[in-house]
Every structure is written in C-alpha cells, then in structure tokens.
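Grab a pencil and work through a few short exercises on how two parts of one chain meet. Try each task before you read its solution.

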Amino acid sequence: MKLEELSITQIEERQLQLEKQYAAYKSAGLSLDLTRGKPGAEQLDLSNSLDGILQGFYLLQDGTDVRNYGGLTGIPEARKLGGLFMDLPAEEVMVGGNSSLTLMYNYIHFMMESVWLAESQVSNATIKFLCPVPGYDRHFTICDAFNIEMIPVDMLDDGPDMDQIERLIAQDASIKGIWCVPKYSNPTGVTYTSQVVERFAKLPTNAGNHFKIMWDNAYAVHDLNDQPDQLANLMDAAREAETTESIVMFASTSKVTFAGSGISFIGLSQDNLKAFETFLSASAIGPDKVNQLRHVRFLVDAAGIQAHMRKHRDIIGPKFEMVDNVLSQHLGGKGIARWTKPMGGYFVSLDTLPGLASTIITMAGDVGVKLTPAGATFPNGDDPRNQNIRIAPTFPSTQALRQALEVFVVCLELASIKQLLER
Ligand SMILES: Cc1ncc(COP(=O)(O)O)c(C=O)c1O
C-alpha cells in the first residue's frame, strides 16, 4: 500500500518500528560500502591465469618483441581484440594502458590543444559539453579539469533525450561534444535504441566545428541476461552519414579481467587515429605490450570473451537479483522509490521522493553504510531534484550486500515518512 494512503496512526506506528531498527543498526558498528562499481575478488580470480600465460614467449608473428619499446597504437592482435569490443576493424583501434578513462582524458586534452581552445578564443565562447544525466561522475571530472561547461540533458528509456540534444546543438556552436555510455548506461542501465544511434550519427551535421561524440562503451560485453541488449554500430551509421570524424569510441577490459591491470581501447577513423597518435608520441614511446599480449592469449576471440563474461554473470547476476528482491520486498508498492532492473552493466539507479537522496545517504552513512555521494551522477554534483542514488552491488560479498541493502531500505522509508509527516 502507498505510504501516503495510510492513516496518520498507521504511519506513526511504522515510524516507531523503523526508528527502533535504525537505532539497532547504529549500535551494531557496521562498516559496509556500496559506492564504487568495482569487481569483487571472486571476479578478479577468474583472470588469475593471465599471470604466466606467456610462458616465456614474447615474440609476435611479425617478429616484434613485446618486451621492448615502441608500437604506440598497440600490437595488431590486441587491436583486433579491441575491434571485437567496439565492433570496429583493427585499423580503427588503438590499444592503451590500463584505463580507458586515461584515453578519454588524453583525447579531450588533444582536442583542447589542437583546436577547441583556439576556437573559443576567436569566438569568445566557453567550450561546452552535453552530459546525459544521471551519468558517470568521472566524465564530469574530466570536463571540470579542462573548464568545460557541462549542460545536463535527460536520459530517457531509449537513450538520451535526442530532441533536447538536437535543439541545443543547433543553437550553440560552442557545444563541442557529448558523453555517452551507450550500452547498459552508467547508472541507468539503458541501452540506446537503433533509432537513437541513427540520430547520433547525423548529429555532427548540425553541430559546430570539431564536434565529438564520446562513445564510452565500458559495458559492451557485460550482459546479465540470456537475451543481451544489442547496440547498433555507430561508426557504420556515421559512415553512411559521413560523420566518422566526430566519432570517438572507448572500451576496456577493466571489468573483464583485472580492473587495475587490464588494457583499454580507443576507436577512431584512421585519419583521427593518426593525429591522436602524433599527439601521444610526445608523452610515450609505447604502451605495455606484454599485458596486451597476455590479454590476447587469455581472451582469444569473441567466443572466448563471451565464455569469460558468462562466468562473471554467474557471480554478479545473483547480486543484482538480490538488490531487486530486497528493494521490492521492502519498498515495493509504497510509492516512495523507483529503481532500475538492468539487463547488464554494473549499477542499479534508484530515485527517491524529490529532495531526499542526500538525507538518506547521510542516514545510511551514520550507521556505517557508505553510498555514492548524493549528486555524484550529475555535473558539478548537483542533482536538481536531489533524488538519484547509484547502487553498486558487485564488490561486497552477498552477505554484506544484503545487510547494506536492509539498512538502506530502512533509511529510505524512514526519511520518506518524515517528509510525509512534515507536509
Ligand atoms: C562508464 C564508464 N566508463 C569508464 C569507466 C572506467 O574505465 P577504465 O577502468 O577503463 O578507466 C567506468 C568505471 O566505472 C565506467 O563506468
């Protein structure tokens, strides 16, 4: 039954019950963490055979010794592997170090240095980026680092609000890019539909010069379901629309093998790739090719990636189920929260009643349950409705996850009741 349909006496009784539970949690000395989307140790163990997999064989077919300097675009075998993640030919893939985020940062740096800064000096306009919200906080941190102004746009069920995006872009040539997590979006779990991808391919046609679509496909192979979402190929659509110069794709093996010791990929038209390689050549002679080769030997091909990801799913699928079960059991039908049940990726996105996210997160923190800070999923940490909470279920043990969720639902209901009584 919806909370607001209960009588005042019923609500006050429920409040008392919840306060007792909350007090019990306070004295329990809990220390639980639902913040960052990290793989758990059991998931990391799946890739332990990366260690020693080369067994002393460091030579590529073309004779390259991966232990030596050189090869800034990555070894051919790893470029092909990256192509499987991003649905691209190997020639359009560069392989980086352990973080796609670093590639994103470097790419923005490259664009700033090569054209955006000069353009903004001429036009006397601040460089701007569109940011679908809720979104990935570290994308926003990159914009912050370069003083790029962020304009939030709404995420809908089929992807970002394309009407809003097209309107904004047509009006303002100083909008130089947009962040996208097109598959199992962080944190909403939405996969962009083919129609949305089509519209993205045409977007640069109406944008100002040097507009970039930052297509961060971090969850390309992270399915939690037998019928995985299918993401249309943006680069192919861009070839049709003649906009490939605007497409910048990313992926990595961070949540496939070792989060701190994987390999990353950037996908670009061949001309763009060449220019980016030249930019990077001032800061590096080459990437860690030994790790690239280890990943090629370990993951092998599309079937190898799929089989490996199935093992991840067996570990984290039940955790996602548990989130949905606990939330449904305690909050279902009460009209105080909505949450996602993602088909893949790493997060559950939950909306509280407007105005309550920060209170609930503080209440949970006070009894030892750490949640992602309120507003983190919005540019400048500002969730205008103060209602979005990102839950990351993969890292804690099943037992710790259950405990943390049970505390969380008590905080959420208690805060909702207090708000209701204050009305
Ligand atoms: C959307 C998204 N992109 C990128 C990353 C980080 O990727 P990497 O480890 O390759 O830097 C994450 C990690 O949570 C993410 O959620």
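**Two domains and their contact**

The domain assignment splits this protein into domain 1, made of 3-43 + 306-422, and domain 2, covering 59-301. Keep in mind that you're looking at a predicted model.

**Exercise 1.** Work out how far apart the domain centres lie and how many residues each domain puts into the contact.

*Solution.* Start with the C-alpha atoms: the centres of domain 1 and domain 2 come out 31 Å apart. Next, count the residues in contact, with heavy atoms within 4.5 Å as the cut-off. That gives 27 residues from domain 1 and 30 residues from domain 2.

**Exercise 2.** Find the area buried between domain 1 and domain 2, and the part of it on carbon and sulfur atoms.

*Solution.* Putting domain 1 and domain 2 together buries about 2,400 Å². Carbon and sulfur atoms hold 61% of that area.

**Exercise 3.** Look for polar links across the interface, then say which elements supply the domain 1 side.

*Solution.* Begin with charge: there are 2 salt bridges across the interface of domain 1 and domain 2. For a salt bridge you can check by eye, go to Asp226 and Arg310, whose side chains pair up at 3.5 Å, N to O. Then widen the search to polar contacts, and you get 8 residue pairs between the two domains, both partners at pLDDT 80 or more. On the side of domain 1 that touches domain 2, the elements giving two or more residues are α11 (302-331), β11 (348-352) and β13 (388-391). Of these, α11 provides the largest share, 8 residues. Last, sort that side by class: 12 nonpolar, 11 polar and 4 charged residues.

Note on methods. Residues numbered from 1 in each chain as written. Predicted model: local features only at pLDDT ≥ 70, side-chain atom pairs only at ≥ 80, totals over all residues. Heavy atoms only, no water. Domains from an automatic or database assignment. Buried area = accessible area lost by both parts, 1.4 Å probe. Salt bridge = Lys/Arg side-chain N within 4 Å of Asp/Glu carboxyl O. Polar contact = N/O pair within 3.5 Å; in protein donor to acceptor, adjacent residues only side chain to side chain. Helix = DSSP H or I, 4+ residues; strand = E, 2+ residues; numbered from the N terminus. Nonpolar A, V, L, I, M, F, W, Y, C, P; charged D, E, K, R; others polar.
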